[in-house]
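Work through the exercises below with the sequence and the model side by side. Try each task before reading its solution.

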Amino acid sequence: MRKQGFRVGMYVFKDAEIVDYAAPVGVISVARRFDPALDVFLIADAMRPVQTQAGITVMPNYALDDQP
C-alpha cells in the first residue's frame, strides 16, 4: 500500500517578502530527501505572475479557485 504524501500550499501575494514563501519551500524541499511523498507548491489569487517586494516575479502553481 502506497502512503499518500503530505501537501503544503504556500500563499504568495503582491509585495510579499521573498523569505515569506521561499524559506518554508526550501525547508520542505530538504525534508523531501527523507520523505519523497512531501509536496509543496505556490498558490496565488489568480494564475498570473506575482511580483514580490524585491521585484522578483514568481508564477504560482495554482490559483485560490483551483487549488488541490
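**Exercise 1. Aromatic pairs**

How many aromatic pairs does a search of the whole structure find?

Solution. The model is a predicted one. Step one: the search of the whole structure finds two aromatic pairs. Step two: take the pair of Phe 41 and Tyr 62. Their ring centres lie 5.1 Å apart and their planes meet at 75°, so this pair is edge-to-face. The cut-off for that label is over 60 degrees. Step three: place the two residues. Phe 41 sits in strand 2 (residues 39-44) and Tyr 62 in strand 5 (residues 62-63). They are 21 residues apart, and the pair links distant parts of the chain. Step four: check accessibility. Phe 41 has 7% relative accessibility and counts as buried. Tyr 62, with a relative accessible area of 25%, is partly exposed.

**Exercise 2. The layout of the chain**

State which pattern the chain follows along the sequence.

Solution. Begin with the elements: there are one helix and five strands. Then read along the sequence, and the pattern is β-α-β-β-β-β. Next come the dimensions. The C-alpha trace spans about 45 × 25 × 10 Å along its principal axes. Now turn to burial: of the 68 residues, 26% count as buried. Finish with contacts. Among those with a separation of 6 or more, 46% are between residues 24 or more positions apart.

**Exercise 3. The nonpolar core**

Find the element that gives the most residues to the largest nonpolar core.

Solution. First list the members. The largest nonpolar core has eleven residues: Val 8, Met 10, Val 12, Tyr 21, Ile 28, Leu 38, Val 40, Leu 42, Ala 44, Val 50 and Val 58. Second, look for elements that give two or more residues to this core: they are strand 1 (7-11), helix 1 (18-31) and strand 2. Third, pick the top contributor. Strand 2 gives the most, with three residues.

Now follow one member, Val 8. Leave aside neighbours within four places in sequence. Val 8 is then in contact with Ile 28, Asp 39, Val 40 and Phe 41.

**Exercise 4. Val 12**

Decide whether Val 12 is buried or exposed, and list its contacts.

Solution. Locate Val 12 first: it is in the loop between strand 1 and helix 1. Its relative accessibility is 1%, so Val 12 counts as buried. Contacts come next, without neighbours up to four places away in sequence. Val 12 is in contact with Tyr 21, Leu 42, Ile 43, Ala 44, Val 50 and Val 58. Last, take a distance. Val 12 and Ala 22 are ten residues apart along the chain, and their C-alpha atoms are separated by 9.7 Å.

**Exercise 5. Two loops**

Asp 15 is not a glycine: what is the sign of its phi?

Solution. Start with the background. Most residues other than glycine have a negative phi. Now look at Asp 15: its phi is positive, about 70°. Asp 15 lies in the loop between strand 1 and helix 1. With a relative accessible area of 38%, Asp 15 is partly exposed.

Move to Gln 53. Its place is in the loop between strand 3 and strand 4. The C-alpha atoms of Gln 53 and Asp 15 are separated by 4.0 Å, though the residues are 38 apart along the chain. Beyond neighbours up to four places away in sequence, Gln 53 touches Asp 15, Ala 16 and Glu 17. At 47% relative accessibility, Gln 53 is partly exposed.

Then take Thr 52, in the loop between strand 3 (50-51) and strand 4 (57-58). Thr 52 has 1% relative accessibility and counts as buried. Outside its neighbours within four places in sequence, Thr 52 is in contact with Asp 15, Ala 16, Ile 18 and Tyr 21.

**Exercise 6. The largest pocket**

Sort the lining residues of the largest pocket into nonpolar, polar and charged.

Solution. Take the volume first: about 160 Å³ of space lies in the largest pocket. Then name the lining: Tyr 11, Val 12, Phe 13, Lys 14, Ala 44, Asp 45, Ala 46, Arg 48, Pro 49, Val 50 and Gln 51. Now sort. Seven are nonpolar, one is polar and three are charged.

Conventions:
Residues numbered from 1 in each chain as written. Predicted model: local features only at pLDDT ≥ 70, side-chain atom pairs only at ≥ 80, totals over all residues. Heavy atoms only, no water. 1 Å grid on protein atoms, 1.4 Å probe; cavity = no way out; pocket = protein on both sides within 12 Å on 5 of 7 lines; lining within 4 Å. Points joined across faces, edges and corners; volume = space filled by probe spheres on them. Nonpolar A, V, L, I, M, F, W, Y, C, P; charged D, E, K, R; others polar. Phe/Tyr/Trp six-rings, centres within 6.5 Å; stacked < 30°, edge-to-face > 60°. Helix = DSSP H or I, 4+ residues; strand = E, 2+ residues; numbered from the N terminus. Buried < 20%, exposed > 50% of the residue type's maximum accessible area, 1.4 Å probe, protein only. Core = buried A, V, L, I, M, F, W, Y, C linked by side-chain atoms within 4.5 Å. Contact = heavy atoms within 4.5 Å.
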